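Open your viewer, set the cartoon style, and keep the selection box handy. We will go from stop to stop, and at each one I will say what to pick and what you should find there.

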Amino acid sequence: MTDIVALRSANAQRWADAKLTRNFAAMAKSLVSAKPRYQTVEAKTGVPWFVIAVIHERESSQNWFANLAQGDPWNRASVHVPAGRGPFRSWEEAAIDALANCAPYAARNKDWNIGGALTELEQYNGLGYASRGVPSPYLWSGTNQYKSGKYVRDGVYDADAVDSQPGCAGLLLAMMALDGTISFDGKIPSVVAPSAPNPRLSNIQEPHPPSIRNPSKGSIGDFVVSVLSTIFKRKLP
């Protein structure tokens, strides 16, 4: 059985020593640009938005039509583990279910320090690598903490196979270079419902575009209307 406390410590040390060996800049930019959508899920689950973002990339290459739980389409019941989830009405609804109701139940995690966050991500994929005492490519692919070793299918480990997908830790390093608010201070985000739109703002109507009946102030049309109104002693309809 994996010692989770020891794994947290090992992952924290790997993070301290980690350097990127691939260019994740484009993927990181795409993930950061979707921050508001990830924050919607963060508000419901308490899982930091940037953790949600890297899971999304790793599970489905940031496909908004894929379930965060396993990459299956969220608009019908999933067939891969965890199977039988859905259908859902939106990507966000499926993501909330994945984090709150599916192992490893990330919404229950209380440790969002770097070691705790990385270990939660590793558990999201499974502890097969930890049981072998090797760095998980789910985390470390694309960094100097990973060279080779991959489960090429369920229960089959190939020590020479190299994972070509971006690892979560490498993605986080690249995202931190773009967004200085990403922090692993261990604080649990407050779980609140997204604020309702301001009704005063939603009732504001866009102004009508200028026309013959409604010329722009100071324009030739406005001058003509003024002259005609004076001549006929009335305003045009």
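Start by selecting helix H9, residues 168-176. Its buried residues pack against helix H1 (4-17), helix H2 (25-33), H4, helix H6 (114-125) and helix H8 (137-140). Contact here means heavy atoms within 4.5 Å, and buried means under 20% relative accessible area, with exposed over 50% and partly exposed in between (1.4 Å probe, protein chains only). Helices (H or I, at least four residues) and strands (E, at least two) are DSSP runs, numbered from the N terminus. Show side chains for Cys168, Ala169, Gly170, Leu171, Leu172, Ala174 and Met175: these are the buried residues of H9. Seven of the nine residues of H9 are buried, so the helix is largely enclosed by the rest of the structure.

A note before moving on: this is a predicted model, in which local features need pLDDT of at least 70 and side-chain atom pairs count only at pLDDT 80 or more, while totals for chains, interfaces and linings use all residues. Residues are numbered from 1 along each chain as its sequence is written, and side-chain values use heavy atoms, with hydrogens and water left out.

Now zoom out to the whole chain. You should see eleven helices and four strands. Of the 237 residues, 39% are buried. Among contacts with a separation of 6 or more, 58% are between residues 24 or more positions apart.

**Next selection: Ser141**

Ser141 sits in the loop between H8 and strand E2 (150-153). Is Ser141 buried or exposed? Its relative accessible area is 0%, so Ser141 is buried. Turn on polar contacts (pairs of N or O atoms within 3.5 Å; within protein, one must be able to donate a hydrogen and the other to accept it, and residues adjacent in sequence count only if both atoms are side-chain atoms). The side chain of Ser141 reaches the backbone oxygen of Asp163 at 2.9 Å, and a polar atom of that side chain lies 2.7 Å from the backbone oxygen of Gln165. Leaving aside residues up to four places away in sequence, Ser141 touches several others, including Arg22, Arg58, Tyr146 and Pro166.

Then add Ser136, in the loop between helix H7 (128-132) and H8. Ser136 is also buried, at 0% relative accessibility. A polar atom of the Ser136 side chain lies 3.1 Å from the backbone nitrogen of Tyr138. Beyond four places in sequence, Ser136 touches Glu122, Asn125, Tyr129 and Ser141, which brings you back to the previous stop.

**Next selection: E2 and E3**

Strand E2 pairs with strand E3 (residues 156-158) in the antiparallel sense over three bridges; pairing requires that DSSP finds at least two bridges between the strands. The two form a hairpin with two residues between them, and Gly155 in the turn has a positive phi of about 75°. Look across from Lys150 and you will find Asp158 in E3. Tyr157, also in E3, is partly exposed at 22% relative accessible area. Outside its four-place sequence neighbourhood, Tyr157 touches residues including Tyr129, Arg132 and Val134.

**Next selection: Trp64 and Trp91**

Aromatic rings pair if their centres lie within 6.5 Å (Phe, Tyr and Trp, using the six-membered ring of Trp; planes under 30 degrees apart count as stacked, over 60 as edge-to-face and the rest as tilted). The whole structure holds nine such pairs. The ring centres of Trp64 and Trp91 are 4.7 Å apart with planes at 75°, so this pair is edge-to-face. Trp64 lies in the loop between helix H4 (49-60) and helix H5 (91-101) and Trp91 in H5, so the pair ties together parts that are 27 residues apart in sequence. Trp64 is partly exposed at 21%, whereas Trp91 is buried at 1%. Add Arg37, which lies over the face of Trp64 at 4.1 Å from the ring centre; a charge sits over a ring if NZ of Lys or CZ of Arg is within 6 Å of the ring centre and within 35 degrees of the ring normal.

**Last selection: backbone oddities**

Most residues other than glycine have a negative phi, and most peptide bonds are trans. Check Ser61, with a positive phi of about 55°, and Gln62, with about 60°. Finish at the cis peptide bonds from Gly86 to Pro87, with omega near 5°, and between Ala103 and Pro104, with omega about 5°.
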